[in-house]
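Here is a short briefing on a protein model. It covers the cysteines first, then the strands and a helix.

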Amino acid sequence: MTKRQDSYPFFCSIGCNIHAMMKVLVTGGAGYIGSHIVKALGERQYEIVVYDNLSYGHPGAVLYGRLIQGDLADQVLLHDVFRRERFDAVIHMSAFIVVDESIRDPLKYYRNNFVNALNLIETCLQYRVYACIFSSTAAVYGIPDKVPVTEDSPLLPINPYGASKVMVEQALHDVSISAPFRYISLRYFNVAGADRLTRIGQARKDATHLITVSLRTALGKNNYLDIFGTDYPTPDGTCIRDYIHVDDLADAHILALEYLRKGGGSAIYNCGYGHGASVQEVVNRVKYVTGIDFPVRYADRRPGDPPALIADASKIRKELGWTPKHDDLDYIIRTAWEWEKKITTTPQTHP
Ligand code: UFG
């Protein structure tokens, strides 16, 4: 067995076909975004172990690698897995993500998103796994003063969900100073869409995201779609978001992993396309793509929604060479639509 270097375990002395040798742990890899990352890794022959408690994930969503059902709070299992598997890198995806819920039950979010992340980071250090990609969020910015938002904008989260992610970023930063540990934090904007071949997609029945809820309304699962707020300081009065296809986001993870492998230092990157669409525009495109004119209700603002969130993603494009392939709202909606139709007609897709 090849002996590992302590400081940069990624470096390969023979420098060829390194993917085949890289073993990556993906926490939360059975979830919506995680499963697309696993797919991207698998297509490139990385060796993958998914660690997921299946609270929201599905075994059927894991297209590549091995799935270990486990919780990050279970330190005995976590240590056992690290001891047995000898990872080269970790992609940490598992987290709770519902903003409203985080306001109602903050400790649930701090425990899972922050404390469990500390368990993982600590275990990484113990087993000398010194490379980590962290799934962060645009929610770390709260209500930004200006858009597009750059990575050095102030971190002023307005809910425990965003705060829990800021805390993990802080911990990663501090650990990267005290140990030979490097990380990339990817701050996701509004992730949507599904696999081109309709194998995986958003499977949560209680999903609250605009595109998913709109499509399910088009399918008749809801009586109408609520548009939350029409009096925002935007051209049509509805909120603007930067919608990014989940496969483009998955590619960003591969680039981040490769960057660390080549010895790149810790960094933080926004992941978005750099332009936005309003809620009204999204609803109009969903109606166009599906060909279904579902009922819409103009409702009050939803607490905690910033008027506009758009990424300045020039840093990831420049430094990692990220070149999105699906910067097209209709494509995002179309792939999600095919997925929604599939799970409606074949609910056993993810048993
Ligand atoms: N919206 C509606 N009706 C709905 C659902 C959403 O009008 O039924 C609106 C929201 O009010 C918001 C926009 O659509 O203005 C987008 O809302 P989403 O719930 O789809 O997404 P968010 O922007 O609230 O949140 C997403 C992620 C969060 C992350 C945030 C960062 O879900 O995890 O982006 O931008 F924190």
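**Cysteines and sheet**

The structure holds zero disulfides. The model is a predicted one. Its seven-stranded open sheet is parallel.

**Cysteines**

- A disulfide needs two cysteine sulfur atoms within 2.5 Å. The closest cysteine sulfur to that of Cys 124 belongs to Cys 132, at 5.8 Å, which is too far for a bond.
- Cys 124 is buried, and its relative accessible area is 1%.
- Cys 239 is buried as well, with a relative accessibility of 3%. The cut-off for buried is under 20% relative accessible area.

**The sheet**

- Read across the open sheet, the seven strands come in the order 3-2-1-4-5-6-11, with parallel pairing.
- Strand 3 (66–69) and strand 11 (267–271) are at the edges. Each has a single partner strand, so one side of each has no neighbour in the sheet.
- On average, neighbouring strands of this sheet are turned by 20 degrees against each other, direction ignored.
- Strands of a sheet pair through backbone hydrogen bonds, and the pairing is either parallel or antiparallel.

**Strands 5 and 6**

- Strand 5 covers residues 131–137 and strand 6 covers residues 182–188. Seven bridges link them in the parallel sense.
- Ala 131 stands opposite Arg 182 of strand 6.

**Helix 5**

- Helix 5 spans residues 160–178. It lies across strand 5, strand 6 and strand 11.
- Helix 5 runs at about 155 degrees to strand 5.

Terms used: Residues are numbered from 1 along each chain as its sequence is written. This is a predicted model: local features need pLDDT of at least 70, side-chain atom pairs count only at pLDDT 80 or more; totals for chains, interfaces and linings use all residues. Side-chain values use heavy atoms; hydrogens and water are left out. Buried means under 20% relative accessible area, exposed over 50%, partly exposed in between (1.4 Å probe, protein chains only). Two strands pair if DSSP finds at least two bridges between them. Helices (H or I, at least four residues) and strands (E, at least two) are DSSP runs, numbered from the N terminus. Axes are lines fitted to C-alpha atoms, for helices over the stretch in contact, and angles run from 0 to 180 degrees between N-to-C directions. Contact means heavy atoms within 4.5 Å.
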